[in-house]
Amino acid sequence: MLTKKQWEHCLNVMDEMFPDAHCELVHENPFELTIATLLSAQCTDVLVNKVTKTLFQKYKTPEDYLAVPLEELQNDIRSIGLYRNKAKNIQALCEKLLTDFNGEIPQSREQLVTLPGVGRKTANVVLSVAFNIPALAVDTHVERVSKRLGLCRLKDSVLEVEETIMKKTPKENWSKTHHQLIFFGRYHCKAQNPQCHTCPLLDDCREGQKRLKKGLVKNVD
């Protein structure tokens, strides 16, 4: 397992590699971010942004989403995986926003996770990005990178990964660390063909060393 000093070194390197890491879901307000994050489950941000480019022109408020038949909303997001269930959750979310929160996205995790389709990861994204409240969302990139580096155990749950990263990372850096881990996993330590041979974190990475030793990583240089 990585020591705190080794983890600090990893964070410093990722900060140098991706100083401008940020949320890549295009949005203009907390409501749009919540919808976009909901849509992003098991889907790329690139595809979500393609869909929301027109979706957010058509639907501006919770009332707008409730003013159309479910089938119409499904058709509007049809290119996104699980679109039927996501459309159903979006309308249910909008109804709850109007009923319980005066149409506004709440600013606490406890309230956010009561919204249909919103789990802990989505809630943490909204808290961090929309409201600048320290939170650390664990998506597939964050989980993969933290386990490959050896900060977390391979058997750790998503919640355990979140708790470990938060414990070993200064609270004021949680949001930045979340985005930099995502960028590192999305553009460097990829699920397929990670760039271990050129990785500045190779000396600290148990998975990278193992892959190179077994000849599992292709040198693309």
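Helices (H or I, at least four residues) and strands (E, at least two) are DSSP runs, numbered from the N terminus. By that count, D156 lies in the loop between α9 (140-149) and α10 (158-168). The structure is a predicted model, in which local features need pLDDT of at least 70 and side-chain atom pairs count only at pLDDT 80 or more, while totals for chains, interfaces and linings use all residues. Residues are numbered from 1 along each chain as its sequence is written, and side-chain values use heavy atoms, with hydrogens and water left out.

D156 is buried, with a relative accessible area of 5%, where buried means under 20% relative accessible area, exposed over 50% and partly exposed in between (1.4 Å probe, protein chains only). Leaving aside neighbours within four places in sequence, D156 is in contact (heavy atoms within 4.5 Å) with E143, K147 and V161.

From α9 the path leads on to α11 (residues 174-187), for the axes of these two helices come within 8 Å and cross at roughly 80°; axes are lines fitted to C-alpha atoms, for helices over the stretch in contact, and angles run from 0 to 180 degrees between N-to-C directions. The two helices α9 and α11 are therefore roughly perpendicular to each other, given that angles under 35 degrees count as roughly parallel, over 145 as roughly antiparallel, 65 to 115 as roughly perpendicular and the rest as oblique. On the α9 side H141, V142, R144 and V145 take part, and they meet H178, L181, I182, F184, G185 and R186 in α11.

A second pair is α2 and α3, whose axes come within 10 Å and cross at roughly 140°, and which are therefore oblique to each other. Their contact is made by E32, I35, A36 and L39 of α2 together with V48, T52, L55 and F56 of α3.

Both helices also belong to the surroundings of the largest nonpolar core, which has 37 residues, and I35, L55, Y65 and L93 have the most contacts inside it; a nonpolar core is a set of buried Ala, Val, Leu, Ile, Met, Phe, Trp, Tyr and Cys residues joined through side-chain atoms within 4.5 Å. At least two residues of this core come from each of α2 (30-39), α3 (45-58), α6 (83-100) and α8 (120-131). Not counting residues up to four places away in sequence, L93 touches F31, T34, I35, L38, L115, P116 and V118. Apart from this core lies another, of 27 residues, among them A21, L151, I182 and C189.
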